[in-house]
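Work through the exercises below with the coordinates open. Try each task before reading its solution.

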Amino acid sequence: MVDAPDVQPHEPAARYTDSAGKYLVIYLCILILAALQFVIAYTHVGTEGMFARMLLVAIAEAGLALMFFMHLWAEKRGFLLFVLIITIFVLLAMQYGWTDSNRMNTGAPFSQPNSGVVSP
Amino acid sequence: MSQVDLTMEGHAPGLVTGIPPFSVPAKKMAIWLFIIADAATFAGCLVAYGFLRNGTPDWPRPFHSIVNVAIMTFVLLTSSLTMLLGVRAAKAGDKVGAFRWTMITAVGGILFALLHIREWLALIGEGMTMFHNPWGTGLFGASFFSITGLHLLHVTGGVIALLAVGIRYMGGRYNADDLEVTGLYWHFVDLVWMFVVPFVYLLNLGR
């Protein structure tokens, strides 16, 4: 058995040395984006258009929270890519069901039109 | 590198150097892996909800006021800021400040949970259950209570973690890194809410 070499202390990539003012600015940006979602809810657009707008705003909010509140931006780029690539891949892989959902909505070929019930 | 370098006697370089992958400590890496897995869980729930909503014609729109959910959002977002200030204070060695901000964060979490429960009780009072409601398909109650319930469970777990870690940090058993790991979880709970609000509440706003 070989002894492990001395463990060298290392500095973590994200050090939480940002000013409180910077955190406050990010917080206000997220708060404004959250308010924007409520404004969008009262605009006269269709459900699909509203969904797309809200999704974009939510992604922007989540991006700010991930990068600055969770300090992903201050981590090593390799770790940033590791988290983002896995997460985005999983999220994209979940989109396979939409074709079936739309099939139920339009009623073809094996479902009752607009009832959401699949025929035997 | 020869074969002998890869045996237990001669570890491959990097295996025993003590430097963690990406310079991220083990606890932090563990919470990030949990966050990725949990993000997949919530995404699965939201995609399934979208699937049902898209494929069901008589989907109800029972929400007539955004006041409660707006207050809940404000409370949760603000608690993320106080958590951030707590971790920052801990990293700077300000133990009392870190403990105070962490407890304020926990209070924010408790307030959010109470507002959430109040909203649930109001909906239940209007006749909504997991499988029935007066407005349309019963699938709405199932998906609403499942998604918001899962989030509320995370908030409850987060509050317990904040209290436990905060008290133990103050007692000297935990350090700033432990507070940072708890903070990452709390920010994630906040992040999930950013998607729950528009899709579960605002898209179902009655007109």
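**Exercise 1: Placing and classifying a serine**

Ser143(B) sits in helix 4 of chain B. The model is predicted. Task: decide whether Ser143(B) is buried or exposed.

Solution.
- Step 1. Count the other C-beta atoms within 10 Å of Ser143(B): there are 23.
- Step 2. Apply the cut-off: a residue is buried if 20 or more other C-beta atoms lie within 10 Å of its own.
- Step 3. Ser143(B) has 23 such atoms, so Ser143(B) is buried.

Task: which residues does Ser143(B) contact, leaving aside its neighbours within four places in sequence?

Solution.
- Step 1. Set aside those sequence neighbours; Ser143(B) is then in contact with Tyr49(B) and Leu52(B).
- Step 2. Look also at Met130(B), which is 13 residues from Ser143(B) in sequence. The C-alpha atoms of Ser143(B) and Met130(B) are 8.0 Å apart.

**Exercise 2: Helix lengths**

Task: find what span helix 3 of chain B should have at 1.5 Å a residue, and check it against the model.

Solution.
- Step 1. Helix 3 covers residues 95–125, which is 31 residues.
- Step 2. The expected span is 1.5 Å times one less than the number of residues. For helix 3 of chain B this should be 45 Å.
- Step 3. The end C-alpha atoms of helix 3 are 45 Å apart, so the two values agree.
- Step 4. Repeat for helix 4 of chain B, residues 139–170, with 32 residues. Helix 4 reaches 46 Å from its first C-alpha to its last, close to the 46 Å expected.
- Step 5. Inspect what follows each helix. Gly127(B), just after helix 3, takes a positive phi of about 105°. Gly172(B), just after helix 4, takes a positive phi of about 90°.

**Exercise 3: The buried residues of helix 3**

Task: which residues of helix 3 of chain B are buried, and what do they pack against?

Solution.
- Step 1. List the buried residues: Ala98(B), Trp101(B), Thr102(B), Thr105(B), Ala106(B), Gly108(B), Gly109(B), Phe112(B) and His116(B).
- Step 2. Trace their partners in chain B: helix 2 (67–91), helix 4 and helix 5 (176–201).

**Exercise 4: The whole chain**

Task: how does the radius of gyration of chain B compare with that of a compact globule of 207 residues?

Solution.
- Step 1. Read the fold: chain B has five helices and zero strands.
- Step 2. Such a globule would have a radius of gyration near 17 Å, but chain B has 22 Å.
- Step 3. Check the extents: the C-alpha trace spans about 70 × 50 × 20 Å along its principal axes.
- Step 4. Add burial: 38% of the 207 residues count as buried.

How values were computed
Residues are numbered from 1 along each chain as its sequence is written. Chains are lettered from A and ligands numbered from 1 in the order in which they are written. This is a predicted model: local features need pLDDT of at least 70, side-chain atom pairs count only at pLDDT 80 or more; totals for chains, interfaces and linings use all residues. Helices (H or I, at least four residues) and strands (E, at least two) are DSSP runs, numbered from the N terminus. A residue is buried if 20 or more other C-beta atoms lie within 10 Å of its own, exposed if 12 or fewer, and partly exposed in between; C-beta atoms are placed from the backbone. Two residues are in contact if their C-beta atoms, placed from the backbone, lie within 7 Å. The radius of gyration is taken over C-alpha atoms; the globule rule is 2.2 Å times the number of residues to the power 0.38.
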